[in-house]
Amino acid sequence: CNAAPGLRMHLDPSFGKGRAVGEAIVGMMFPDGDNARIPVVAIAGTNGKTTTSRLIGRIFESNGLRVGMTSTDGVYIDGKRTDSGDCSGPKSARNVLLHPDVDAAVFETARGGVLREGLGFDMCDVAVITNIGLGDHLGLNFITTVDELAVVKRVIVENVAPNGTAVLNAADPVVAAMAHHCHGNIIFFARDRMNPVLATHRAQGKRVVHVERDAIICGEGRKKHRIPLANVPLTRNGTIGFQIENAMAAAATGWALGYSWEVIERAMANFVSDANSTPGRFNVFDYKGATLIADYGHNPDAIQALVSAVENMPAVRRSVVISGAGDRRDEDIRQQTEILGDAFDDVILYQDACQRGREDGEVIALLRAGLTNASRTKQIDAIDGEFIAIDNALSRLQPGDLCLILIDQVEEALAHIAKRIAEAA
């Protein structure tokens, strides 16, 4: 038992020679060559950020690390949510970095926080840009074009550590161009192995991730590592294109961090996109023999990706439940139903809980306008209230049908769907 715990009596004893115990303690905690930092991964883009963040977090966990994660769903420390709501800003990131239990950090980085305060960290080991596409939230905060949005999104790429890596979507020209702003290394990913940006990078002997038949291929020069899509449940055996891209981005991140393929593959094999692990991100349910899909997609790129995904799923009749965020541009709201009108038989429009500055009924009118020239949709209904709209859609379903529910109040809507499924059991 030490009667006087502390360093002073060792550094400056009453008699005898002082000992450099502080230096010894620091040396034990941080061996030579250790920079005393935890690995930091930042993720930005238009769609796929949350799922990719969760999957990267699972890779860290598979390597035995305690993960601190920020996202639009909240803050998570070692798998437990410590804060709720949209926590994708720098304040939440700083709180994670200050937490004594965190061994690795994964930050979903939203444009609002970057514009308001910048980043909550000085450098990241890996920056991931999932996509930019047509963009989202255009017209807000004086960001009116995709190129202006890209300047904000690429801030994390500009702050990659010199020995770090940017993981960039080669199939998105705006994202691919961000490579010029990175001080570290680049890993390009794209489903098409013949993508010109990816093919050039591969020809230079640099690291790329792409799809070849039924597997994700991670290649560097002549070296290749194959991850079968059948072993990545997130992709539903390779049928969900946007989930393949999320998986490629996560695999590239683990590769950039130097983790073994065994660790990366174990994490991906154990990750399922359900209402618990990734709420509102392509959660699939069975309801009386019909297939339900709940998703938080809320921009044209997300809607197009969802349509492509459900086209690979058999269905007798397809229906969709959708609202629109009032703070989006008129053309963005209309474009969502323009896409859906060519893919679904029934469309149920609903007015969500928060109109975000729109007049009553204005969003419904824009959504209905987008269906004017629909080639497939035959029945259109407008309902006031998210849960009433969901119940209306469920009441119509027959075995073999498919219903895509684009939810607004994520946790509440998922709880409502779970309750209806339990009642039907």
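**Exercise 1. Sort the residues lining the largest cavity by class, then place that cavity in the chain.**

Start with the classes: the lining of the largest cavity splits into seven nonpolar, seven polar and one charged residue. Here Ala, Val, Leu, Ile, Met, Phe, Trp, Tyr, Cys and Pro are nonpolar, Asp, Glu, Lys and Arg are charged, and the others, Gly among them, are polar. A quick word on the model: it is predicted, local features need pLDDT of at least 70, side-chain atom pairs count only at pLDDT 80 or more, and totals for chains, interfaces and linings use all residues. Residues are numbered from 1 along each chain as its sequence is written, and side-chain values use heavy atoms, with hydrogens and water left out.

Next, find the spot. The lining has 15 residues, and S88, G89, P90, T109 and G120 lie nearest the centre of the largest cavity. A cavity, on a 1 Å grid over the protein atoms alone, is a set of points where a 1.4 Å probe fits but cannot get out; a pocket is an open set with protein on both sides within 12 Å along at least five of seven lines, and lining residues have an atom within 4 Å of a point.

Now the elements: α4 (90-98), β5 (104-108) and α5 (111-117) each give at least two lining residues to the largest cavity. Helices (H or I, at least four residues) and strands (E, at least two) are DSSP runs, numbered from the N terminus.

Last, the volume: about 70 Å³ for the largest cavity. Grid points are joined across faces, edges and corners, and a volume is the space filled by probe spheres set on the points.

**Exercise 2. Describe the second largest cavity.**

Its volume first: about 40 Å³. Then read off the lining, which is A44, T109, A110, R111, V114, V152, K153, V155 and I156. The elements giving two or more of these are α5, α6 (146-153) and α7 (155-158). By class, you get six nonpolar, one polar and two charged residues.

**Exercise 3. Work out which strand gives the most to the lining of the second largest pocket.**

Step one: the second largest pocket has about 210 Å³ of volume. Step two: of its 13 lining residues, N35, D125, A161, N163 and G164 lie nearest the centre. Step three: β6 (124-129) and β7 (160-169) each supply at least two lining residues. So who wins? β7, with four residues, gives the most. As for classes, the lining holds seven nonpolar, four polar and two charged residues.

**Exercise 4. Is Q336 buried or exposed, and what does Q336 touch?**

Locate it: Q336 sits in helix α13 (residues 330-340). Check the cover: Q336 has 2% relative accessibility, so Q336 counts as buried. Buried means under 20% relative accessible area, exposed over 50%, and partly exposed in between (1.4 Å probe, protein chains only). List the neighbours: leaving aside residues up to four places away in sequence, Q336 touches H298, N299, P300, I303 and I322. A contact means heavy atoms within 4.5 Å.

**Exercise 5. Do the same for P233.**

P233 is in the loop between β11 (223-228) and α10 (241-256). With a relative accessible area of 34%, P233 is partly exposed. Beyond residues up to four places away in sequence, P233 touches M268, A269, F271 and V272.
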